Amino acid sequence: MAEPPPEPANPPTTSAPAAQQSTTSRRPYTNIFAVPEPIRRLFKRFPLRTYPENGLPVRCAIAPKEVPVLFVFADDEAARAGAPSFNPTCLKWQTLLKISGIQFHIHPSNNHASPTGALPFLLTPSQTTIPASKLSLYVATHATTPASTTPPPRAETYLSLLDSALRPAYLYALYLSKSNAPLLASLYLDSSLPRPVRASITHTLRTAAEEEILTSTRRQALDPPYIYAEAEAALVALRDVLEASETEWFFGEKETTVFDAAVFAYTNVLLDERLAWGDARLTEVVRAFEALVAHRERILGRYWPELI
């Protein structure tokens with residue numbers, strides 16, 4: 001924030017000749033930068049105050065609990081049941097908390113209710129908010145079962161595939177495919193909002209998705225065949241490394257890691273039978289990889305057995 005300009009110096013005064021001083025009465029000096037007296041009296045009566053930072057919105061202010069609460073994209077019924085979030089970013093951390101053995105509840109929310117402007121975030125029993133950027137540290141210090149919050153050494157390249165290839169296809173399928181407009185509305189738009197407001201929010205969501213896709217794919221324009229082809233190539237690579245593993249998890253790890261959670265976050269959202277995909281091209285691409293489908297089912301069976 002730029003510093004305010006310096007206060008202007010008072011204009012210099014000159015002395016009138018002695019004769020003139022004796023015959024001319026001086027006017028009282030008025031500073032043009034002085035606060036007018038009516039305004040001064042007003043603020044003496046109503047002084048300015050500095051208020052503390054905003055806390056959580058009222059609708060998110062829940063009673064303190066003995067376990068932390070993870071705020072995610074979810075509907076009320078799914079949140080009460082502890083079901084997987086329909087948002088990949090939220091589901092990744094929801095899964096990692098389960099892997100770590102940390103007891104927690106989930107609460108339906110949205111970006112506007114988050115202190116950081118993004119979901120997920122964790123509210124601890126002491127009412128401290130933990131943003132997504134610090135959840136790895138929280139898991140590392142509170143896990144009750146072995147849980148790796150650091151990707152395996154070989155995982156970095158494959159994590160980039162999730163961000164640069166699979167995520168753009170997911171964004172295109174959900175936000176930009178016209179056939180999935182009803183699904184997008186059911187997940188992220190409040191049906192009680194007036195139609196013009198819903199239209200404005202939809203436009204904003206689609207614009208943001210398009211910008212992210214173009215940035216990730218480094219293309220000048222949207223190219224759906226290219227986007228889906230890149231996603232399929234990424235899934236092939238993920239399938240190959242999973243099939244090469246001597247265990248049920250990626251890279252031969254004996255237990256699930258944050259990488260397994262990251263892959264599951266996409267495969268489960270795309271294969272979740274609760275979601276009615278009008279344009280199911282990406283869903284069908286994922287379904288064709290049996291190893292990835294089985295990986296998803298193993299995680300569901302271990303952490304959400306009620307859904308199997």
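This report looks at salt bridges in a predicted model.

## Pairs of opposite charge

Let's begin with the general idea. Side chains of opposite charge can pair when their charged atoms come close. In this model, a search of the whole structure turns up eight salt bridges. A few of them are worth visiting one by one.

## A link between two helices

Start with R167 and E212, whose side chains meet in a salt bridge with an N to O distance of 2.6 Å. This pair joins distant parts of the chain: R167 sits in helix α6 (residues 155-176), while E212 belongs to helix α8 (residues 195-217), and the two are 45 residues apart.

Is E212 buried or exposed? The answer lies in between, because its relative accessible area is 31%, which makes E212 partly exposed.

## R219 and D223

Next, find R219 and D223 in the structure. Their side chains also form a salt bridge, here with 3.6 Å from N to O. R219 is partly exposed, with a relative accessible area of 33%. Its partner D223 has 25% relative accessibility, so D223 counts as partly exposed too.

## A small network

Which residues are linked with R239 in a network of salt bridges? They are D240 and E243. Within this group, R239 pairs with D240, and their closest N and O atoms lie 2.7 Å apart.

You can check the accessibility of this pair as well. R239 is partly exposed because its relative accessibility is 23%, and buried would mean under 20%. D240, at 39% relative accessibility, is partly exposed, since exposed would mean over 50%.

Key
Residues numbered from 1 in each chain as written. Predicted model: local features only at pLDDT ≥ 70, side-chain atom pairs only at ≥ 80, totals over all residues. Heavy atoms only, no water. Salt bridge = Lys/Arg side-chain N within 4 Å of Asp/Glu carboxyl O. Helix = DSSP H or I, 4+ residues; strand = E, 2+ residues; numbered from the N terminus. Buried < 20%, exposed > 50% of the residue type's maximum accessible area, 1.4 Å probe, protein only.
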